[in-house]
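Student: I would like a close look at one part of this model, with the rest of the chain as background. Please explain the terms as you go.

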Amino acid sequence: MAPVKATLRLRMSQADAHYGGNLVDGARMLALFGDLATELLIRHDGDEGLFRAYDSVEFLAPVHAGDYVEAEGEIVKVGSTSRAMRFEARKVVSPRPDLSDSAAEVLAEPVVVCRATGTCVVPKDKQRLAR
């Protein structure tokens, strides 16, 4: 099976900030992973499927409003209806309010902010793409 991968990149907004200091709730990263899982299932099976469970979730660094986050997902194992997936989110751009209100910089090295693994399910009768 050829690897099935997907990537999203977006800027965290003020609306994403949930805590003091413009800190973004970690659940926002899980929402990104959910969107990636949906795309992965569409690419693999032609159906959105269902996210069954996360096996592990690690929050590794803070995310703030104004940060650009790149999230990647990939299907790592395929069962008859289950799809095991791996996800990683990295901060790639950060604001620099210490310099000015509009300053930002591309990080020399992306910062991994969250990793997770999980399982999705696509019922047999919903699998449209031949494998």
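Student: How much area does the chain expose, and what share of it do carbon and sulfur atoms supply? After that, please look closely at strand E6.

Tutor: The chain exposes about 7500 Å², and carbon and sulfur atoms supply 50% of that area. Accessible areas are computed with the Shrake-Rupley method and a 1.4 Å probe, and for residues only the protein chains shown count as cover. The model is predicted: local features need pLDDT of at least 70 and side-chain atom pairs pLDDT 80 or more, while totals for chains, interfaces and linings use all residues. Residues are numbered from 1 along each chain as its sequence is written, and side-chain values use heavy atoms, leaving out hydrogens and water.

First, the background. One helix and seven strands make up the secondary structure of the chain. Read from the N terminus, the order is β-β-β-α-β-β-β-β. Helices (H or I, at least four residues) and strands (E, at least two) are DSSP runs, numbered from the N terminus. Along the principal axes, the C-alpha atoms fill a box of roughly 55 × 25 × 20 Å. Of the 131 residues in the chain, 33% are buried. Buried means under 20% relative accessible area, exposed means over 50%, and partly exposed is in between (1.4 Å probe, protein chains only). Among contacts (heavy atoms within 4.5 Å) between residues at least 6 apart in sequence, 70% join residues at least 24 apart.

Now to strand E6, which spans residues 82-95. Start with Phe 87 in that strand. The structure holds three aromatic pairs. Rings of Phe, Tyr and Trp (its six-membered ring) pair if their centres lie within 6.5 Å; planes under 30 degrees apart count as stacked, over 60 as edge-to-face, and the rest as tilted. In one of these pairs, the ring centres of Phe 33 and Phe 87 are 5.1 Å apart and the planes meet at 15°, so the pair is stacked. Phe 33 sits in helix H1 (residues 27-45), 54 residues from Phe 87, and the pair links distant parts of the chain. Both phenylalanines, Phe 33 and Phe 87, are buried. Together with Phe 51 and Tyr 54, Phe 33 and Phe 87 form one aromatic cluster.

Further along strand E6 comes Val 93. Val 93 counts as buried because its relative accessible area is 16%. Leaving out residues up to four places away in sequence, Val 93 touches Gly 66, Asp 67, Tyr 68, Ala 104, Glu 105, Val 106 and Leu 107. Val 93 and Thr 119 are 26 residues apart in sequence, and their C-alpha atoms are 30 Å apart in space.

Two other residues help to place the strand. Ala 65 lies in the loop between strand E4 (50-59) and strand E5. Ala 65 is buried, since its relative accessibility is 10%. Its contacts beyond four places in sequence include Met 12, Asn 22, Val 24 and Pro 95. The C-alpha atoms of Ala 65 and Val 121 are 33 Å apart, with their positions 56 residues apart along the chain. Asn 22, one of the partners of Ala 65, belongs to the loop between strand E2 (17-19) and strand E3 (23-24). Asn 22 has a phi near 60°, a positive value in a residue other than glycine. With a relative accessible area of 34%, Asn 22 is partly exposed.

The other residue is Glu 74, in strand E5 (residues 68-78). At 19% relative accessible area, Glu 74 is buried. Glu 74 touches, among others beyond four places in sequence, Leu 40, Ala 84, Met 85 and Arg 86.

For contrast, consider Lys 124, in the segment after strand E7 (104-121). Its relative accessibility is 53%, so Lys 124 counts as exposed. Beyond four places in sequence, Lys 124 touches Ser 80 and Thr 81. The C-alpha atoms of Lys 124 and Ser 80 are 7.5 Å apart, although 44 residues separate the two along the chain.

One last point concerns the cysteines. The structure holds zero disulfides, a disulfide being a pair of cysteine sulfur atoms within 2.5 Å. Cys 114 is in none, and the nearest cysteine sulfur, that of Cys 120, is 15 Å away. Cys 114 is buried at 0% relative accessible area, and Cys 120 is buried at 1%.
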